[in-house]
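Student: Could we go through this model together, one question at a time?
Tutor: Happily! Have a look at it first, and then we will start with a term.

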Amino acid sequence: MKFTETPLKGAFVVELEPREDFRGFFARAYCEQEFAQHGLPDRFVQGNMSYNHKKGTVRGLHYQVPPALEAKFLRCIRGAVFDVIVDMRQESPTYLKWFGLELSADNRKALYVPPLFAHAYQALTDGAEVFYLVSEFYTPGTERGLRPDDPAIGIEWPLPIEVISEKDMSWPLLQR
């Protein structure tokens, strides 16, 4: 696997290194040793999937706080999504900065999201599916969120937000 650090320290784009032959290819999608070599958590406790009927659907921005800090490792396995992370580490020089990239079944890129990073994605295609691993169990009372349209963050979504949960739009705007 090829790890490329994003402008937000600790977050990585992870690309496959396929071994190809006449049948197609084989590639490692996750490796505990390679994650450990990059100083990343190598224990994931859940694998989750989300499916989105319509392009323009936004899920997030979500994160968990102590004692249930959560890292995520995700990949789009059908269609395409615009994946976004926001650094929520108050001591970080990139606090409240965001980074986004397209993850798709075609480009096969994955994203490692460190703890204390808010995460969301927007479906770029109808029927987009995302599979992701999380390092901590969902813990009620530790979930936090940001509104995807918060002007204090200024995320540039590629499409108008067509579908979003009431919960995701009810997070308070940041005071800056």
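Tutor: Buried means under 20% relative accessible area, exposed means over 50%, and partly exposed lies in between, using a 1.4 Å probe and protein chains only. Please keep in mind that this is a predicted model, where local features need pLDDT of at least 70, side-chain atom pairs count only at pLDDT 80 or more, and totals for chains, interfaces and linings use all residues. Residues are numbered from 1 along each chain as its sequence is written, and side-chain values use heavy atoms, with hydrogens and water left out.

Student: Is Glu 129 buried or exposed?
Tutor: Glu 129 lies in strand β12; strands are DSSP runs of E with at least two residues, numbered from the N terminus. Its relative accessibility is 17%, so Glu 129 counts as buried.

Student: Which residue of β7 stands opposite Glu 129?
Tutor: Strands β7 (residues 72–78) and β12 (residues 128–134) run antiparallel and are joined by six bridges. Two strands pair if DSSP finds at least two bridges between them. Among the residues that Glu 129 touches are Met 49, Ser 50 and Tyr 51, where contact means heavy atoms within 4.5 Å, leaving aside residues up to four places away in sequence. The one standing opposite Glu 129 is Arg 78.

Student: Why is one side of β1 and of β5 left without a neighbour in the sheet?
Tutor: The open sheet has six strands with antiparallel pairing, in the order β1-β2-β10-β7-β12-β5. One side of β1 (2–5) and of β5 (46–52) has no neighbour there because both strands stand at the edges, each with a single partner strand.

Student: What is the bridge partner of Arg 75 in β10?
Tutor: Five of the seven residues of β7 are buried, so this strand is mostly covered. Four bridges link β7 to β10 (residues 110–113) in the antiparallel sense. Towards β12, Leu 74 has Tyr 132 as its bridge partner, while in β10 the partner of Arg 75 is Ala 110.

Student: How many residues of β11 are buried?
Tutor: In a regular strand the side chains alternate between the two faces of the sheet. Here both faces of β11 are covered, with Phe 117, His 119, Tyr 121 and Ala 123 on one side and Ala 118, Ala 120 and Gln 122 on the other. Strand β11 (residues 117–123) is largely enclosed by the rest of the structure, because its buried residues number seven of the seven.

Student: What is the bridge partner of Phe 82 in β11?
Tutor: β11 runs antiparallel to β6 (residues 58–64), with four bridges, and there Arg 59 stands opposite Tyr 121. β11 is also antiparallel to β8 (residues 80–87), with seven bridges. In β11, Phe 82 is partnered by Gln 122.

Student: Which residue does a cis peptide bond join to Gly 60?
Tutor: Another cis bond, with omega near 10°, runs from Pro 66 to Pro 67, and Pro 67 sits in the loop between β6 and β7. For Gly 60, omega is about 25°. The residue joined to Gly 60 belongs to strand β6 and is Leu 61.

Student: What is the relative accessible area of Leu 96?
Tutor: Leu 96 is in the loop between β8 and β9 (98–104). It is not a glycine, yet its phi is positive, about 65°. Leu 96 is buried, with a relative accessible area of 7%.
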